[in-house]
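Welcome, and thanks for taking a look at this one. Please keep the viewer open while you read, since the notes below are meant to be followed residue by residue.

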Amino acid sequence: MNVPTPGSHLTASAGSRNEQTRRHNLSTLLTLVHHHGALSRAELTKLTGLNRSTIGALNTELASAGLVFESAAQESGTVGRPSPMVNPSADIVALAINPDIDAIEVGAVGLGGEVLSRARRATASVPTPSEALEIALELIEDVRSQLASGTTIVGVGVAVPGLVEADSGTVTRAPHLGWEDVAWGEQLSDALGLPVQVGNDAAVAVVAVAVFGAGQGAANLMYLNGSASGIGGGVIAGGTRLVGANGFAGELGHTLVNSEGDACYCGRKGCLETEVNLNRLHAAAEASGIAAADAVAQLAATSSGPFAAEVDREADVLAHGIANLISVFNPEAVVLGGFLGDLYGARQERIRTGVLADAFAPLGDNVRIERAQLGDELLLVGAAELAFGPLLHDPSGWKAKS
Ligand SMILES: [Zn+2]
């Protein structure tokens, strides 16, 4: 009988533990550098709690795989040897795609989160899945041709305005696009020969906000985005995106704020997105002699008349809605994107005061309210993050493949 001796057994399991630890540390280091940008070895030592020689060895391994590179130390002014900087390699690229109702957009995002190239094509009508696929493939050719030689593409991330089955990349239901049960991820992967990850656009955006945007550093945050199609968003709780039992958590636009309010397409009335609503702003602007197209730019410009009254009303309802959500999620930061960011820019004091008055004290007292950053790059950066996921999770696996 071949019974392993206690010694050999212990050695083997100690070896696998070391291997697990090494993988975990490589993942931690690469993720830090990707999300923060260049960090000195000394900062990495401090952030990870690992010793200098371990950081040195991990860096060497990541650099030999082409994932990071070291550059000269920055003058820190502190005592001790200057510490070399560890930079994410922008030659490692994820492709990002956002098929939407009026356009397809494609971007190439480097490790570190910078959008390196992008291409967009407007469509005359809402694209069918096969039209969107065809356009996306053409735009990818265009975007790839703009990248430096020596670039390596790790995969593709897709942000879709609809419900997505994450494992298969199937778009289960995208009402605005009219897509139902479309295996878009699989079709794209077959056409490109690259791994493809598909996610819901609001979910993708909240991750980008938390990692690269105005929510950076907050382990608990709420993101609300307002667009012509309503209010979407998401919640990060304890550093993790809230997903829910079926993956649909974060429908923040369908929280009830006015029981006497307008009918919502979800079947109820007085939802946040029917009460704080771009179309209603447009209508009020026109009633004040302002073109609908200029409404958002003019939010702060008028102080009387139907438009100013509607801006005040929407600001108050938004504050009320935020206060409700603060009581549920107790976030450190609330980030407002799209026209909600503009509304906040125009009525900052009114909204802050309203949140403080309405929130269950003291939950509202220390909440940061911020406008979203990254502008129209937000979805591309977030979709790319889906594609970077497997690499960040296990950089040593990446080295084995390349
Ligand atoms: Zn609703």
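What follows is a short tour by topic. Bear in mind that this is a predicted model. A good place to begin is the zinc ion, which is coordinated by His-254, Cys-264, Cys-266 and Cys-271. After that come the one cavity of 30 Å³ or more that a search of the whole structure finds, and then some backbone and loop details.

**The zinc site**

- His-254 offers its ND1 atom to the zinc ion, while Cys-264, Cys-266 and Cys-271 each offer SG, and the distances run from 2.1 to 2.3 Å.
- The arrangement is tetrahedral because the four donor atoms subtend angles of 104 to 120° around the zinc ion, and four donors count as tetrahedral if all angles lie between 85 and 135 degrees.
- Along the chain, the donors of the zinc ion are spaced as H-x9-C-x1-C-x4-C.
- Cys-264 and Cys-271 are buried. For Cys-271 the relative accessibility is 0%, so this residue counts as buried.
- Cys-266, in contrast, is partly exposed, and its relative accessible area is 35%.
- If you are setting up cysteine bonding, note that the structure holds zero disulfides.

**The cavity**

- How many cavities of 30 Å³ or more does a search of the whole structure find? The search finds one, and the volume of the largest cavity is about 30 Å³.
- The lining of the largest cavity is made up of Asn-220, Leu-221, Val-235, Ile-236, Ala-237, Phe-329 and Pro-331.
- Strand E13, residues 230–237, gives the largest share of that lining, with three residues.
- By character, the lining of the largest cavity has six nonpolar residues, one polar residue and no charged ones.

**Backbone points to check**

- As background, most residues other than glycine have a negative phi, and most peptide bonds are trans.
- The peptide bond from Ala-361 to Pro-362 is cis, and its omega is near 5°. Pro-362 sits in the loop that runs between helix H11 (348–358) and strand E16 (368–371).
- Asp-181 is not a glycine, yet its phi is positive, at about 50°. This residue belongs to strand E10, residues 179–182.
- Is Asp-181 buried or exposed? With a relative accessibility of 58%, Asp-181 counts as exposed, since the cut-off for exposed is over 50%.
- Leu-374 also has a positive phi, of about 75°, although it is not a glycine. You will find Leu-374 in the loop between E16 and helix H12 (378–393), and its relative accessibility of 28% makes it partly exposed.

**Two loop residues**

- Ser-303 is in the loop between helix H8 (278–287) and helix H9 (305–329), and at 72% relative accessibility it counts as exposed.
- From Ser-303 to Thr-274 there are 29 residues along the chain, and their C-alpha atoms are separated by 23 Å.
- Phe-248 lies in the loop between strand E14 (240–241) and helix H7 (272–275). The relative accessible area of Phe-248 is 43%, so this residue is partly exposed.
- Phe-248 and Gly-337 are 89 residues apart in sequence, and from C-alpha to C-alpha they are 20 Å apart in space.

Methods. Residues numbered from 1 in each chain as written. Predicted model: local features only at pLDDT ≥ 70, side-chain atom pairs only at ≥ 80, totals over all residues. Heavy atoms only, no water. Donors = N, O, S within 2.8 Å, 3.2 Å for Na, K, Ca; no water. Tetrahedral: all angles 85-135°; square planar, octahedral: opposite > 155°, others 65-115°. Buried < 20%, exposed > 50% of the residue type's maximum accessible area, 1.4 Å probe, protein only. Disulfide = S-S within 2.5 Å. 1 Å grid on protein atoms, 1.4 Å probe; cavity = no way out; pocket = protein on both sides within 12 Å on 5 of 7 lines; lining within 4 Å. Points joined across faces, edges and corners; volume = space filled by probe spheres on them. Helix = DSSP H or I, 4+ residues; strand = E, 2+ residues; numbered from the N terminus. Nonpolar A, V, L, I, M, F, W, Y, C, P; charged D, E, K, R; others polar.
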